[in-house]
Amino acid sequence: MAIQHAVLALLASGPSYGYELKGAFEAAVGPQWGPLNIGHLYQILDRLSRDDLVVAERHAQPVKPDRVVYEITPAGRTELDRWLAEPSPRSGGFRDDFFLKVTAAARSGEATTVRTVLANQRAHLLRELRNLDTLRRRSEDPVVRLLLSAASRHVEADLAFVDDAESALLADGGAMLAELAAHRPPAAAPGAESGRARATG
């Protein structure tokens, strides 16, 4: 889990407590990630404690409730080193809400539906790209700028997929959509069937 290991990385520089870790995480990853829920953070810290990757110690305060300070253990450092040494696969694989939406629109057989789905997504992605560009220009942290640049590249790849979908589904005047709506695979290229027959005959 990425956040679990990010918390270990923050603790690798020294002991800390919940709200301090929350602030450090949000400052480190920048605005694109969004705020870290403090309740979720404490769940992560509890899990790390149960797995002996961190230890917790209560520090009494004169007025406020006791503060729980967390410190990374040798096992936690080993786990952090293991995580840093491994490549990172896509966490969600290639399952994607927009891909399912394109599938549904294409199998409707309606070119207007496909155009609407693609146009709405393109407009959304262009807005997101402009927002990322604004955040990157305003950020003074080079690591945050790098992360925002990576996010922009992901959005650009999504825009390329919208272009690919438009070319694949709308370039032939609706023939592909009609076949998809009829639950038939696209027709083979002329001569392909006879070529297969010769190969198997």
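Two residues are in contact when heavy atoms of theirs lie within 4.5 Å. Keep that in mind as you look through these views of a predicted model.

**View 1. The whole protein chain holds 9 helices and 3 strands.** Following the sequence, you meet them in the order α-β-α-α-β-β-α-α-α-α-α-α. Of the 201 residues, 28% are buried. The chain exposes about 13,200 Å², and carbon and sulfur atoms supply 56% of that area.

**View 2. Helix H1 packs against helix H3.** Here residues 2–11 form H1 and residues 38–50 form H3, with axes 10 Å apart and an angle of about 75° between them. Angles from 65 to 115 degrees count as roughly perpendicular, so H1 is roughly perpendicular to H3. Which residues of H1 meet H3? Ile3, Gln4, Val7 and Leu8 do, and their partners in H3 are His40, Leu41, Ile44, Leu45, Arg47 and Leu48. This contact brings together 7 nonpolar residues, 2 polar ones and 1 charged one.

**View 3. The largest nonpolar core has 21 residues.** Val102, Val114, Leu118 and Leu169 touch the most other members. Helices H5 (97–107), H6 (111–138), H7 (142–170) and H8 (175–181) each supply at least two residues of this core. Which helix gives the most? H7 does, with 9 residues.

**View 4. Here is a closer look at valine 114.** Setting aside neighbours within four places in sequence, valine 114 is in contact with Ala105, Ala106, Leu169, Leu170 and Leu177.

**View 5. A second, separate core has 19 residues.** Among them are Ala6, Leu8, Leu41 and Ile72. You have already met Leu8 in H1 and Leu41 in H3, where the two helices meet.

Definitions and conventions. Residues are numbered from 1 along each chain as its sequence is written. This is a predicted model: local features need pLDDT of at least 70, side-chain atom pairs count only at pLDDT 80 or more; totals for chains, interfaces and linings use all residues. Side-chain values use heavy atoms; hydrogens and water are left out. Axes are lines fitted to C-alpha atoms, for helices over the stretch in contact, and angles run from 0 to 180 degrees between N-to-C directions. Helices (H or I, at least four residues) and strands (E, at least two) are DSSP runs, numbered from the N terminus. Angles under 35 degrees count as roughly parallel, over 145 as roughly antiparallel, 65 to 115 as roughly perpendicular and the rest as oblique. Ala, Val, Leu, Ile, Met, Phe, Trp, Tyr, Cys and Pro count as nonpolar, Asp, Glu, Lys and Arg as charged, and the others, Gly among them, as polar. Buried means under 20% relative accessible area, exposed over 50%, partly exposed in between (1.4 Å probe, protein chains only). Accessible areas come from the Shrake-Rupley method with a 1.4 Å probe; for residues, only the protein chains shown count as cover. A nonpolar core is a set of buried Ala, Val, Leu, Ile, Met, Phe, Trp, Tyr and Cys residues joined through side-chain atoms within 4.5 Å.
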